[in-house]
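Trainee: Could you take me through one part of this model up close? I'd like to see how a single helix sits among its neighbours.

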Amino acid sequence: MLRDEGTAAERLAHVLGRSEYAGELLVGAPEAVQLIGDPQGLTPRSREDLLRRMVAAGSRRERPADQVAAMRAVRRSELFRIATADLGGGLDLTQVGTALTDLTCALLEGALRVAVAQVEADRGEPLATRLLVVGMGRLGGGELGYGSDADVMFVHDPLPGASEALAQDQATEVVQSLRKHLSVHSAEPPVGLDADLRPEGKNGPIVRSLSSYRAYYERWSLVWEAQALLRAAPVAGDPELAARFVALVDPLRWPSGGLSPEQVRDIRRLKARMEGERLPRGGDRRRHLKLGPGGLSDIEWTVQLLQLEHAHDHPALRTTGTLAAMSALVEEGLLAGEPAAELREAWVLASRLRNAATLWRGKSTDALPTDAVDANGVARVLGMPPGSGQELGETYLRVARHARAAVTTAFYGE
């Protein structure tokens, strides 16, 4: 194919010269090179098509571990497709985020089915409960990057007449099996499932019943948990349970009457504490793409605070996506056009930089590169001329500085 298709050979050289990430994917799935020679080969597949292909691949294996491994192999090829299209300029940031989210959701759905069947076979009885995987963070917002973990919460709902203790045990076993199959080290890239945003964090049960979520949120829920739920979206599992979970959390994340002054102060204090505790020591905090001034956290917390305050009265704000929420804030007259443009520009640039850094070196980072080789490599991934690393860094610092000024007004009210 490379001999006969000059364009394909040129495209492959372009991809491998700019991306260690894509090269590693190709080494593990060399047949994926055929995508480059297919005129339609760089169009990301839909979530439904991906799930169908994963289920078909898994059905040709007997052991549950092998079934999920086959699904992860499908994911590897699709990651190469997305990365190649991105490096060739065929996808924008939103399209990359949607494609990566659809890919993760399809794998979660397929692997969940395998885990359920495995537990039922091991126990010799059908599950006594329904199961749901809820996407949080960038997964729930449909804005995954190449280096993103999958933030999730697990929900179950016992069937009528079923023992709650049995249902809890079965649900826990399914979730443990799911996490093991997706994280086990193999030839296929692992999928990290981060469930730390669940009630009580790491100290809480890994999966809760819907009634347990309801009881917790009614008695103990804090404002930061309502904020986390702004990006909650069902991504795999029982559709009816998904609808009931959304109905449970909507009043929490779109609170009637907005926030009290005390709640606003709590959010601002938590944001300041997070910056102080989580920023790495010794580095230039301005270059931290997530937690630095004008970085992703600044912008997302600003948008989320405005959603908590106004979404009940402005239904257009009831979205889990950051960019969609920003657009709605402008349309509803809740955020002025110029500050919104500065926030959008900074969020998009920081997100693209994180993706580009992962593509370049094959590993995720939250820091703007300081090494000249890496900075120039990231700039090339973004389509800039050779030797543009310093210019890219200066551009980001300027954009982030303007965004921080907008955050100071919109988030801190100064």
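**A look at helix α9**

Mentor: Let's start with the contact itself: L210, Y213, R214 and Y217 in α9 meet L241, R244, F245, L248, V249 and L252 in α11. Sorted by type, the residues of this contact come out as 8 nonpolar, no polar and 2 charged. Keep in mind that this is a predicted model.

As for geometry, α9 and α11 pack at an angle of about 0 degrees, and their axes lie 11 Å apart. Anything under 35 degrees counts as roughly parallel, so α9 is roughly parallel to α11.

Now go round α9 itself, which spans residues 210-219. Its buried residues are L210, Y213, Y216 and Y217. These sit on the same side of α9, because they cover an arc of only 125 degrees around the axis. The spacing helps here: an α-helix has 3.6 residues a turn, so residues three or four places apart point the same way. Over on the other side of α9, E218 and R219 are exposed.

So what covers that buried side? The cover over the buried residues of α9 includes α11 (239-253), along with α10 (223-228) and the strands β2 (150-158) and β4 (207-209). Put the two views together and you'll spot some overlap: L210, Y213 and Y217 are buried residues of α9, and L210, Y213 and Y217 are also among the α9 residues that meet α11.

Notes: Residues are numbered from 1 along each chain as its sequence is written. This is a predicted model: local features need pLDDT of at least 70, side-chain atom pairs count only at pLDDT 80 or more; totals for chains, interfaces and linings use all residues. Side-chain values use heavy atoms; hydrogens and water are left out. Buried means under 20% relative accessible area, exposed over 50%, partly exposed in between (1.4 Å probe, protein chains only). Helices (H or I, at least four residues) and strands (E, at least two) are DSSP runs, numbered from the N terminus. The arc is that of the directions from the helix axis to the C-beta atoms. Contact means heavy atoms within 4.5 Å. Axes are lines fitted to C-alpha atoms, for helices over the stretch in contact, and angles run from 0 to 180 degrees between N-to-C directions. Angles under 35 degrees count as roughly parallel, over 145 as roughly antiparallel, 65 to 115 as roughly perpendicular and the rest as oblique. Ala, Val, Leu, Ile, Met, Phe, Trp, Tyr, Cys and Pro count as nonpolar, Asp, Glu, Lys and Arg as charged, and the others, Gly among them, as polar.
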